[in-house]
Amino acid sequence: MTSTFRRIEQLRDEINRHTRLYYVDAAPEISDLQFDKLLKELQDLEAKHPELVTPDSPTQRVGGEPIQGFTQAEHLRPMLSIDNAYDRGEFDAWSQRVLKSLGLQAEATPESLFAADAADDGKPAASAAAAAPSPKVDLIVEPKIDGLAINLRYEKGKLVLAATRGDGVRGDDVTANIRAIQAIPLVLDRAGPPAPDVIEIRGEVYFLNEEFIRVNREREAAGEPTFANPRNSAAGTLKQLDPRVVASRKLRFFAHSIGVIEPAAFASHDEYLKAARAWGLPVNPLIKRCPGFAEAWDYIEKFEKTKASLPYWTDGVVVKVDRYDFREKLGYTSKSPRWCVAFKFAAEQAVTRLESVVWQVGKGGKLTPVANLVPVQLAGTTVKRATLHNIDEIARKDIRVGDTVIVEKAGEIIPQVVQVVLDQRPADAKAVVPPAKCPSCGEPVSRVEDEVALRCNNPACPAQVREKLIWFAGRDQMDIEGLGEETVNQIADAGLLDSFADIFRLASKREKLLELERMGERKLDNLLAGVEAARGRGLERVLAGLGIRQIGLGGSKDIAGHFGTMEALRKATPEEIARAPDVGPVTAKSIHDFLHSPTGMKTIDELIAVGVDMQARRPKPAPEAVAGSPFAGKTVVLTGTLEGFERKELTEKLEALGAKVSGSVSKKTSLVIAGSEAGSKLDKAKELGIEVWDEAKLVEALKTTE
C-alpha cells in the first residue's frame, strides 16, 4: 500500500506539473497522448484504492452526476464594474484625476501630463508648460479579454468556491463547472509563496478562437443555436448542468485581479500577479508594468495594431494603478474603482462590395433591407450579409448596389453597413428601390405615417407566420424549451407546423417528427416536454407571444392582471382596455383590433381548443415580502444595460417585492433604474422629474429586502 500511495502522489504531482507547463508557462514537455496515459494510470490506481482518493486529485475535476441547479454565493468583496474610456481625451482626463486625487499634481493639463512623461523619458516635451517632469504613478496594463468574470475563493490554498460576477455582490455558484477547467488549479502550488488563509482570485474564463469556432460548428451540426460571441458562449457553458459538457469545451482562464486576501500580503498588484503565477494560475504574459501614463498609452496604441493576431478575442486594454496604498486613497464611486479604467477600441471594420439587397419580412410584417456582400473576414467571422436598417438609412448613406462599403459589427454581433466608399463607386451602381409588393406573399406593402418601416399587412403572409412562430416559442413569450429558430424552421419546412395551435399538436405527429434529420428520440422527448410545460404558462405569456403590436411581456402582465381571463379581455371595448395600467388608447386599439380580426379570433379559438391556459398567472407578492419593501406600490421602469442582472429575473424579483414593472416612462412612473447606455427613457424621466437610480443604488436597496 505504501508504494501505491507513493505512486499516486507522484502521478498527481507530475500531472499537476504538466498542467501548469501547458496552461501557465505555455511550455509543454509531453504530448497530449502521454498526458492522457498518466491520467489513466492515476484513474486506475484510484479505482482500485478509493480510500486514497482526495477532492483535489486531478481525477476529481469532473463529477459523474449532473448538477441539480445553481445556488447563489456572496463575494467577500464586491466585484464592481470598470469605467470606460473611448478616446485619448477620456484617457487623459482619467489620468489627470488620478494624479490630482493622489495629491501628486494639483493643476495639470492632459497635454502637460503627457509631455512631462515624455520629457522624463528623454523625449522632447510637447510644450514649454511641461518643462518640469510630472510625478510618476506605476500602472499595470493588460488586454481586456472577451470572456466571463469569475471569482475563485481559495482557503488554505484549496479551491472551495467559484462564483460568477452576478450583481456584483453575489453570483451563481459554479464551483463544479470551474473544477472541470484544466487551466484552474484545485490547489495552489506549494512552490509559490505561502498560501493565504483566504484569497479571492479574480479573472476571466474565455474561449480560444479555434475552440469557439469548433463548439459553434458542433452546435450547428446538432441543430442547436450557435453562440453569438465568445462572452456569451463562456457564460452559457458555465451555466451547463453537466460539468462534462464544460470539460469538453476546453475553456481557458487568466487571473487578473484580487478580492479579499487574509492576511494581507502584497504592496502592489505587480507583486500579486507574480505570486499568482507562482501558485500555478495562468496570468496573461501580455500584462505589463508601465512607469507612467505615457507608457500606458503607448501600450494601448501598439496593442490595437496587434490584437487581431491573438488566439482569443479582446475589445480593449485595462489600465490599473499598481500600488495598493494608492488604490485605497483613490477609492471607489458607487459602481466603479477610481484606480482603473478600461480603454475600449472602436468596432472592427472591413471593406467589401455590396452585390444585392433582399427584403426580409418580420413577425409584424416589417420589411428590413439586408445587404448581400462579397464574403469578408470581420471580428473573427466570415460576413456575407449585413443589415441596412430601413429605406431612410439607405437614402441617408446613399447606398447603392455595386458600391464598395464599410461594414462593422453593431455590439460586436450584428453586421451593419456604416458607410459607402464614394470614390470607388462604379458607373453602373444601381439605386436601392423599395418593393411595392411583399417578397413573401405578393400582397401590397405600405408605409404608415410617422414610421420609417415598410409593412406587409397580410396576417397570413408565410414569412410573417414563420417569424411569429419563432417569436411565440421564445424565452420571453411561451418559453418553449427545445423549440428555437432552427427547429421551428425545420418542422415548418416539413409541413408539420403552420400555426400556434400546431405547436401543441406536435405530440400527435411523433413518427413524422422522428423522420426529420437530427431529430432523435431524446431531443424530441425534450421538445414535447417543453411544449407541454408551455401549455400552462398563462394569459400573460400568451398575450406576449401573439405578436400584437405595442405589446411586450411587461404590458401583457398588466393586461392579464387587470382582466384575469381571455374571455373578459375579448369582451372589453378599446376604452375599457385602455383603463388597464399603463395601456394607452393606441395600444388598446391594437389589442382590440387583433382580438376581433378574423385571424385573431381563429388563433385564440384554436389555442383554447388545444388546451392552452388562458387564465392570468401573475403571482401576487407575499405580504411579508412586500412589507417594508422600498419597491412596494411603485411603478418601476428599467432602462439601459444593467451588468449584474438579467432583465427578466430582475423584473420578477421587483414584482415579488410589490413593484409594477412598466416598459415606458409616464407621469405614473415612480422610479427609473438606469444602467449604462440608457437612452430616451432616462431623458424622459429627467424631464418629468422622476427619481432615477443607478445599478449600485439598486443593489443596496435589494440588500434591505433580504
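## A guided tour of the model

Select Arg518: at 39% relative accessibility, this residue counts as partly exposed. Here buried means under 20% relative accessible area, exposed over 50%, and partly exposed in between, with a 1.4 Å probe and protein chains only. The model is predicted, so local features need pLDDT of at least 70 and side-chain atom pairs count only at pLDDT 80 or more, while totals for chains, interfaces and linings use all residues. Residues are numbered from 1 along each chain as its sequence is written, and side-chain values use heavy atoms, with hydrogens and water left out.

**Backbone exceptions**

Stay on Arg518, in the loop between helix H16 (510–514) and helix H17 (521–534). Helices (H or I, at least four residues) and strands (E, at least two) are DSSP runs, numbered from the N terminus. Phi of Arg518 is near 65°, a positive value in a residue other than glycine. Most residues other than glycine have a negative phi, and most peptide bonds are trans.

Go to Lys250, in the loop between helix H8 (243–248) and S8. Lys250 is not a glycine either, yet its phi is positive, at about 55°. Then select Glu262 and Pro263, which are joined by a cis peptide bond with omega of about -5°. Pro263 belongs to the loop between S8 and helix H9 (269–278).

**The open sheet**

Colour strands S2, S11, S10, S3 and S9. These 5 strands form an open sheet in the order S2-S11-S10-S3-S9, with mixed pairing; two strands pair if DSSP finds at least two bridges between them. S2 and strand S9 (288–290) are the edge strands, each pairing on one side only.

Start at the S2 edge. Strand S2 (residues 84–85) pairs with S11 in the parallel sense over 2 bridges, and Asn84 stands opposite Ala342 in S11.

Now select S11 itself. How many residues of strand S11 (residues 340–344) are buried? The count is 5 of its 5, so the strand is mostly covered. Turn the view to inspect each face: Cys340, Ala342 and Lys344 lie on one side, Val341 and Phe343 on the other, and all of them are buried.

Move across to strand S10 (residues 314–321), which runs antiparallel to S11 and is joined to it by 5 bridges. One bridge to look for is that of Gly316, whose partner in S11 is Lys344. At the other edge, S3 and S9 are antiparallel and joined by 3 bridges. There Leu139 has Cys290 in S9 as its bridge partner.

**Past the end of S10**

Select Asp322, placed in the loop between S10 and helix H11 (324–330). Is Asp322 buried or exposed? Asp322 is buried, at 1% relative accessible area. Add Tyr272: its C-alpha atom is separated from that of Asp322 by 10.0 Å, although the two positions lie 50 residues apart along the chain.

**Rings and charges**

Show the side chains of Arg323 and Phe326. The charged end of Arg323 sits over the ring of Phe326, 3.8 Å from its centre. A charge sits over a ring if NZ of Lys or CZ of Arg is within 6 Å of the ring centre and within 35 degrees of the ring normal. In Arg327, the charged end sits over the ring of Trp339, 4.0 Å from the centre of that ring.

Next come the ring pairs. Rings of Phe, Tyr and Trp (its six-membered ring) pair if their centres lie within 6.5 Å; planes under 30 degrees apart count as stacked, over 60 as edge-to-face and the rest as tilted. By this rule there are 18 aromatic pairs. Select Tyr206 and Tyr312: their ring centres are 5.5 Å apart and the planes stand at 70°, so the pair is edge-to-face. This pair links distant parts of the chain, with Tyr206 in strand S7 (residues 198–206) and Tyr312 in the loop between helix H10 (293–306) and S10, 106 residues apart. Both tyrosines, Tyr206 and Tyr312, are buried.

For a wider selection, take Phe91, Trp94, Phe293, Trp297, Tyr299, Phe303, Phe343 and Phe345, which form one aromatic cluster.

**The cavity**

The last stop is a void. The structure holds 1 cavity of 30 Å³ or more, and about 40 Å³ of space lies in the largest cavity. A cavity is a set of points, on a 1 Å grid over the protein atoms alone, where a 1.4 Å probe fits but cannot get out; lining residues have an atom within 4 Å of a point. Grid points are joined across faces, edges and corners, and a volume is the space filled by probe spheres set on the points.

To see the lining, select Glu142, Pro143, Ile145, Phe254, His256, Asn284 and Ile287. Strand S3 (139–145) and strand S8 (252–262) each supply at least two of these residues, and S3 gives the most, with 3. The lining divides into 4 nonpolar, 2 polar and 1 charged, where Ala, Val, Leu, Ile, Met, Phe, Trp, Tyr, Cys and Pro count as nonpolar, Asp, Glu, Lys and Arg as charged, and the others, Gly among them, as polar.

Conventions: On a 1 Å grid over the protein atoms alone, a cavity is a set of points where a 1.4 Å probe fits but cannot get out, and a pocket is an open set with protein on both sides within 12 Å along at least five of seven lines; lining residues have an atom within 4 Å of a point.
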